[in-house]
Amino acid sequence: MSSNIIPLRLRPHLVSFLMKEMQGEGKNFVGYKCKVINIPAYSFVGSFLLDHLEKIDYPIRNIETFNIFLDVKANSRKRFISKGNFYKIESLGKSFVHLPEEFAETINNIFEQQFRNSFFNFVDARVENKMLVTTAILAFIDKYDLFEANVTQPQLRKLYYRMKENGLCFSLQNKLRRQ
C-alpha cells in the first residue's frame, strides 16, 4: 500500500481535541506528540472525502481507508504548533487526488461542530453539578491540551453562553460562526 497526501489543514484546536477523542496509534517524544487515526471509507467523514475528491490526470482506484496524521510539536518552551493532515491509503498503484478548498473548510466545520457540542456538554454537565462555569471551562481546556492551540478561557466562555442561548443545533440552521 502506498499513501498520498490530501492537502487539508485542520484548525489547531481541532488537532488537540481529535488527538484525545479519536482512536488511533500515538507516540509522545520530547516536545512532540503525534497520532495516526484511521478513517474508513464507509464512515461519515470517509464517505464525504470520497464524494468530494477530485482526480488529477490519473484515475482514483480502490480507496480503502483514510488516515489523519495529527501532530503537536514544541518550537520553544512556551509555543506549540498543532497540525492535522489527511492522508489517503490506496492499493493497486498511485493516483493523484486533491480535496478542493471549499470542502476542506467543510471538513473543518464538521469537526468544529463536534468540538463545540462536546465542549458545551462537558461544561454544562459540570455546571449542573454546581461547578463554576470558569472552572469547568478550564477543566475542558486542560483535558484537551487546548493551551497548546492558544484557546483561551474567555473565548470558550463566550462560546458557552452563545450556545446556551441559541441551542446546540443552532449552527445546523445557520452559518457556523468562527470565534
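G167 sits in the loop between α5 and α6 (170-173), where helices (H or I, at least four residues) and strands (E, at least two) are DSSP runs numbered from the N terminus. With a relative accessibility of 27%, G167 counts as partly exposed; the scale used here calls a residue buried under 20% relative accessible area, exposed over 50%, and partly exposed in between, with a 1.4 Å probe and protein chains only. G167 and F120 are separated by 47 residues in sequence, and their C-alpha atoms lie 9.8 Å apart in space.

The model is predicted, so that local features need pLDDT of at least 70 and side-chain atom pairs count only at pLDDT 80 or more, while totals for chains, interfaces and linings use all residues. Residues are numbered from 1 along each chain as its sequence is written, and side-chain values use heavy atoms, with hydrogens and water left out.

**Overall architecture**

- The protein contains six helices and seven strands, which follow one another along the sequence in the pattern β-α-β-β-α-β-β-β-β-α-α-α-α.
- Of the 179 residues in the protein, 42% count as buried, and about 10,400 Å² is exposed, with carbon and sulfur atoms supplying 53% of that area; accessible areas come from the Shrake-Rupley method with a 1.4 Å probe, and for residues only the protein chains shown count as cover.
- Among contacts (heavy atoms within 4.5 Å) between residues at least 6 apart in sequence, 68% join residues at least 24 apart.

**Nonpolar core**

- The largest nonpolar core has 33 residues, among which I107, F119, F140, L146 and L156 touch the most other members; such a core is a set of buried Ala, Val, Leu, Ile, Met, Phe, Trp, Tyr and Cys residues joined through side-chain atoms within 4.5 Å.
- At least two residues of this core come from each of α1 (12-21), β3 (32-40), α2 (44-52), α3 (101-128), α4 (133-143) and α5 (153-166), and the largest share, eight residues, is supplied by α3.
- When its neighbours within four places in sequence are left aside, L146 is in contact with H13, S16, F115, F140, I141, V151 and L156.
- Helix α1 is mostly covered, seven of its 10 residues being buried, namely H13, L14, V15, S16, F17, L18 and M19.

**Salt bridges**

- Five salt bridges are found in a search of the whole structure, each being a side-chain nitrogen of Lys or Arg within 4 Å of a carboxyl oxygen of Asp or Glu.
- E105 forms a salt bridge with R11, in which the closest N and O atoms are 2.6 Å apart; because E105 lies in helix α3 and R11 in the loop between β1 (2-6) and α1, the pair ties together parts that are 94 residues apart in sequence.
- The two partners differ in cover, for E105 is partly exposed at 37% relative accessibility, whereas R11 is buried with a relative accessible area of 9%.
- R11 also forms a salt bridge with E112, their closest N and O atoms being 3.3 Å apart, and this pair links the loop between β1 and α1 to helix α3 across 101 residues; both E112 and R11 are buried.
- D145 forms a salt bridge with K20, with the closest N and O atoms 3.4 Å apart, and the pair links the loop between α4 and α5 to helix α1, 125 residues apart.
- K20 is partly exposed at 44% relative accessibility, and one network of salt bridges that share partners joins R11, E105, E112 and R116.

**A buried lysine without a salt bridge**

- K35, in strand β3, is buried yet has no salt bridge, the nearest side chain of opposite charge being that of E21 at 9.0 Å; Lys and Arg count as positive and Asp and Glu as negative, while His and the chain ends are not counted.
- The side chain of K35 reaches the backbone oxygen of M19 at 2.7 Å and the backbone oxygen of M22 at 2.6 Å.

**Positive phi angles**

- Most residues other than glycine have a negative phi.
- K130, in the loop between α3 and α4, is not a glycine yet has a positive phi near 75°, and K130 is exposed with a relative accessible area of 75%.
- D145, in the loop between α4 and α5, likewise has a positive phi of about 50° although it is not a glycine, and D145 is partly exposed at 21% relative accessibility.

Methods. Polar contact = N/O pair within 3.5 Å; in protein donor to acceptor, adjacent residues only side chain to side chain.
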